[in-house]
Amino acid sequence: MRLTGFLALICGLALVLALQDALLTAARLPLAAPDLLLAVVAAIGFARGPRTGLVAGFLLGLAADVSPPAAHAIGSQAFVLCLCGYLAGRAAGAVQGTVLRPILVVACLAAFTPFLYAGLDFAVGTAQFHGVPAAAAASALYTGVLAPFVIPVVGFVLGRGETRGLPTQRSHSRLPGVKTLNRRASAGSTQVL
């Protein structure tokens, strides 16, 4: 990754964290807030696969854990977003080519996260399960409404890297410098560039 790509990543991370903290959390919607971080991590998982979704979820979650208004144990949001990014990356093949499936996957992940947070709180010893199902339903609704705006933007931004030679979900499985010939004519033979 070049320096400009790294700086763009840092600026994008700061922008997403600022939008989540300043706008969406301050909106004071009933029961829950829309989870922009989850929608961004899921979109990265859809675009680049489970490994990149896992790493992006961990990094974005860790940055959210250490940012000042955090009132929970460090690492809990990193774990939850890491798992959600991985699951979104695993579901990437099933959601490509449709409009509704990515939104439903993001909404299901948003419904799953309050239960993950409650489970982590239970493991630490500070569990409160009161209102978790209602918060899960509200989080799924709010994040599902937010997802149609986030997924295309993240896909567009990450798609710009394809023209620069950055690996994508489709291209990381091939060896560099090896090109498959016409599949019907050569039946899987390859040539080195």
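**Helix packing and burial, residue by residue**

Reader: Let me start with a single glycine: in which helix does Gly-155 lie?

Author: Gly-155 lies in helix H7, and since we will be discussing details, please keep in mind that this is a predicted model.

Reader: Noted. Is Gly-155 buried, partly exposed or exposed?

Author: Its relative accessible area is 31%, so Gly-155 counts as partly exposed, a class that runs between the 20% limit for buried residues and the 50% limit for exposed ones.

Reader: And how far is Gly-155 from Ala-43, in sequence and in space?

Author: Along the sequence 112 residues separate Gly-155 from Ala-43, while in space their C-alpha atoms are 6.8 Å apart.

Reader: What about Val-145, where is its place, and is Val-145 buried or exposed?

Author: Val-145 is also placed in helix H7, and with a relative accessible area of 52% it is exposed, because the limit for that class is over 50%. Its C-alpha atom is separated by 8.1 Å from that of Ile-103, which is 42 residues away along the chain.

Reader: Let me step back to the whole chain. How many helices and strands does the chain have, and what pattern do they follow?

Author: There are eight helices and two strands, and read along the sequence they give the pattern α-α-α-α-α-α-α-β-α-β.

Reader: What share of the residues is buried, and what share of the contacts joins residues 24 or more positions apart?

Author: Of the 193 residues in the chain, 35% are buried. Taking the contacts with a separation of 6 or more, 63% of them join residues that are 24 or more positions apart. As for the surface, the accessible area of the chain comes to about 11700 Å², and 69% of it belongs to carbon and sulfur atoms.

Reader: Back to the helices, then. At what angle do H6 and H7 pack, and is their crossing left-handed or right-handed?

Author: Helix H6, residues 100-124, and helix H7, residues 132-159, pack at an angle of about 145° with their axes 7 Å apart, and the crossing is right-handed. On the H6 side the contact includes Pro-102, Ile-103, Val-106, Ala-107 and Ala-110, and on the H7 side it includes Ala-136, Ser-139, Ala-140, Thr-143 and Gly-144. By class, this contact has 17 nonpolar residues, four polar ones and no charged ones.

Reader: How do the axes of H4 and H6 cross?

Author: The axes of H4, residues 76-90, and H6 come within 10 Å of each other and cross at roughly 145°, with H4 passing H6 in a right-handed crossing. Among the residues that meet there are Phe-79, Val-80 and Leu-83 of H4, and Leu-109, Phe-112 and Leu-116 of H6. The contact of H4 with H6 has 11 nonpolar, three polar and no charged residues.

Reader: Staying with H6, which of its residues are buried, and what do they pack against?

Author: The buried residues of H6 include Pro-102, Val-106, Leu-109, Thr-113, Leu-116 and Ala-118, and the buried set packs against H2, H4, helix H5 (92-95) and H7. H6 itself has 25 residues and reaches 37 Å from its first C-alpha to its last, close to the 36 Å expected. After H6 comes Gly-125, whose phi is positive, near 110°.

Reader: Does the span of H3 agree or disagree with what its 17 residues should give?

Author: It agrees: at 1.5 Å a residue, helix H3 (residues 50-66) should span 24 Å, and its end C-alpha atoms are 24 Å apart.

Reader: Which residues are buried in H3?

Author: Gly-53, Ala-56, Gly-57, Leu-60, Gly-61, Ala-63, Ala-64 and Asp-65 are buried in H3. Leu-60 counts as buried because its relative accessibility is 6%, which is under the 20% limit.

Reader: What is Leu-60 in contact with, leaving aside its neighbours within four places in sequence?

Author: With that exclusion, Leu-60 is in contact with Leu-13, Val-16, Leu-17, Leu-37, Val-40, Val-41 and Leu-81. The C-alpha atoms of Leu-60 and Ala-14, 46 residues apart along the chain, are separated by 9.4 Å.

Reader: One last residue: where does Asp-35 lie, and why does Asp-35 count as buried?

Author: Asp-35 lies in the loop between helix H1 (3-24) and helix H2 (36-48), and it counts as buried because its relative accessibility is 11%, under the 20% limit. Not counting residues up to four places away in sequence, Asp-35 touches Gln-20, Thr-143 and Leu-146.

Terms used:
Residues numbered from 1 in each chain as written. Predicted model: local features only at pLDDT ≥ 70, side-chain atom pairs only at ≥ 80, totals over all residues. Heavy atoms only, no water. Axes fitted to C-alpha atoms, helices over the stretch in contact; angles between N-to-C directions. Helix = DSSP H or I, 4+ residues; strand = E, 2+ residues; numbered from the N terminus. Left-handed = near helix turned anticlockwise from the far one by under 90°. Contact = heavy atoms within 4.5 Å. Nonpolar A, V, L, I, M, F, W, Y, C, P; charged D, E, K, R; others polar. Buried < 20%, exposed > 50% of the residue type's maximum accessible area, 1.4 Å probe, protein only. Areas by Shrake-Rupley, 256 points an atom, 1.4 Å probe, with all protein chains shown as cover. Expected span 1.5 Å × (residues − 1).
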